[in-house]
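Me: Hi! I would like to learn how the words used for a structure are earned. Could you take me through one, setting each value against its rule?

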Amino acid sequence: MVFRVLIFGSLARELSCVSIAVDVPDNASVRDVNEALAACHPHKATFFRGARLAVNHSFRSADALLRAGDEIALVELVGGG
Amino acid sequence: MSATVRIIDGALGNPAPALPPAAQFGAAIVFDGVVRADEGGRTIRALAYEVYEPMASNMLTELGREMLAKHGLVAIMVEHSRGEVPVGQRSFRLTVHALHRAEALAAVGEFIDRMKRDVPIWKTALDEAPMAS
C-alpha cells in the first residue's frame with residue numbers, strides 16, 4: 001500500500017514538500033510507516049521513528065493497523081497560539 | 001457547561017461578549033495571544049498559521065471539555081487564527097468562565113501548554129520585506 005503522509009510547518013519547508021510517499025506491505029501498522037519515513041530520510045531517521053502520526057485525524061498507537069485510503073499526517077513541531 | 005471552538009481566517013477581532021449569564025460565574029478571563037515583532041531575535045512582519053482540520057478543531061474541543069470537567073469551569077471558548085496575522089494583531093483567544101479565579105487561572109495555563117504541545121497547528125514567521133535601495 002502506498003500512503004502520502006502529510007507534513008506541515010518547518011518540516012515541510014525543510015524538505016520542500018507537503019507530503020512524503022511511503023510504500024508499506026498490506027496490513028502494515030503505524031510503526032511500519034514510521035520506519036518507512038525513516039528509510040526515506042535517513043538523515044532524520046531518529047525524528048521520523050519517534051514522530052506522532054495521526055490516522056484519519058486521530059492519534060493511533062504504533063501497533064494500529066492501516067487500511068488503504070487512510071489519511072496519515074505527521075503531527076510534530078506544532079506550536080499554536 | 002459549554003466548550004466552543006472557532007477557527008478564523010486572519011487576525012481575530014474584538015472579544016465576544018460573555019457566554020453564560022453573569023450570575024453563573026465569579027471569574028472571567030480573556031487571554032489574547034498577540035503576534036510579536038521579534039521572533040527568535042529577528043524582526044518579522046507577521047505569522048502564518050497552518051491548521052490541520054478537522055483534527056485541530058476536534059482536539060481543541062476535546063481539550064476544552066476536559067478543562068471544563070477537570071477544573072469545574074462554567075464555559076470555555078477558543079478562537080484561533082488560520083493564515084496570516086500581522087504583528088500587533090491577535091491570533092489566539094481563550095475565554096474562560098469559572099466560579100472562582102483559582103480554577104480559571106489554572107485552566108488557562110494548562111489549556112495553552114497542552115495546545116502548544118499537541119494540537120496540529122503550525123506557525124511560520126514571515127520576515128520583513130527587504131528595504132528598497
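Me: Which residues of α2(B) are called exposed, and what makes a residue exposed or buried?

Reply: The names go to B:A102, B:G109, B:D113 and B:R117, on the other side of the helix from its buried residues. A residue is exposed if 12 or fewer other C-beta atoms lie within 10 Å of its own, buried if there are 20 or more, and partly exposed in between, with C-beta atoms placed from the backbone. Before we go on, please note that this is a predicted model, in which local features need a pLDDT of at least 70 and side-chain atom pairs count only at pLDDT 80 or more, while totals for chains, interfaces and linings use all residues. Residues are numbered from 1 along each chain as its sequence is written, chains are lettered from A and ligands are numbered from 1, in the order in which they are written.

Me: Which residues of α2(B) are buried, and how do you know that they line one face?

Reply: The buried ones are B:A104, B:A107, B:V108, B:F111 and B:M115. Looking down the axis of α2(B), they fall within an arc of 105° (taken from the directions from the helix axis to the C-beta atoms), so they line one face of the helix. An α-helix has 3.6 residues a turn, so residues three or four places apart point the same way.

Me: What covers those buried residues of α2(B)?

Reply: The cover includes β2 (27-34), α1 (55-71), β5 (75-86) and β6 (90-98) of chain B. Helices here are DSSP runs of H or I with at least four residues, strands are runs of E with at least two, and both are numbered from the N terminus.

Me: How do you know whether the length of α2(B) agrees with that of a helix?

Reply: Compare two values. The expected span is 1.5 Å times one less than the number of residues; for the 18 residues of α2(B), 101-118, that gives 26 Å, and the end C-alpha atoms are 26 Å apart, so the two agree.

Me: B:D118 lies in α2(B) too. Why is B:D118 called partly exposed?

Reply: B:D118 has 17 other C-beta atoms within 10 Å, which puts it in the middle class. Leaving out residues up to four places away in sequence, B:D118 touches A:V78 and B:M59; a contact means C-beta atoms, placed from the backbone, within 7 Å. B:D118 and B:A56 are 62 residues apart in sequence, and their C-alpha atoms are 9.2 Å apart.

Me: What makes β6(B) a paired strand?

Reply: Two strands pair if DSSP finds at least two bridges between them. β6(B) is joined to β2(B) by eight bridges, running antiparallel, and B:V34 stands opposite B:R90 there. With β5(B) there are six bridges, again antiparallel, and B:I76 faces B:V96. So both pairings pass the rule of at least two bridges. β5(B) and β6(B) form a hairpin with three residues between them, and B:G88 in the turn has a positive phi of about 90°.

Me: Why is β6(B) called mostly covered?

Reply: Eight of the nine residues of β6(B) are buried. For chain B as a whole, buried residues make up 32% of its 133 residues.

Me: What is notable about phi in A:N27, and is A:N27 buried or exposed?

Reply: Phi of A:N27 is near 50°, a positive value in a residue other than glycine. Most residues other than glycine have a negative phi, and most peptide bonds are trans. A:N27 sits in the loop between β2 (19-23) and α2 (30-40) of chain A. A:N27 counts as exposed because it has 10 C-beta neighbours inside 10 Å. A:H57 also has a positive phi, near 75°, but is partly exposed, with 17 other C-beta atoms within 10 Å.

Me: Which peptide bond in chain B is cis, then?

Reply: The one from B:E53 to B:P54 is, with omega near 5°. B:P54 is in the loop between β4 (42-51) and α1 of chain B.

Me: How many residues does each chain bring to the contact between A and B?

Reply: Chain A brings 11 residues and chain B brings 18. The chain A side has six nonpolar, five polar and no charged residues. Ala, Val, Leu, Ile, Met, Phe, Trp, Tyr, Cys and Pro count as nonpolar, Asp, Glu, Lys and Arg as charged, and the others, Gly among them, as polar.

Me: What pLDDT does chain B average?

Reply: The average is 92, and 93% of the residues score at least 70; pLDDT is the predictor's confidence in each residue, from 0 to 100. For the complex, the predictor gives an ipTM of 0.91 and a pTM of 0.91.

Note on methods. Two residues are in contact if their C-beta atoms, placed from the backbone, lie within 7 Å.
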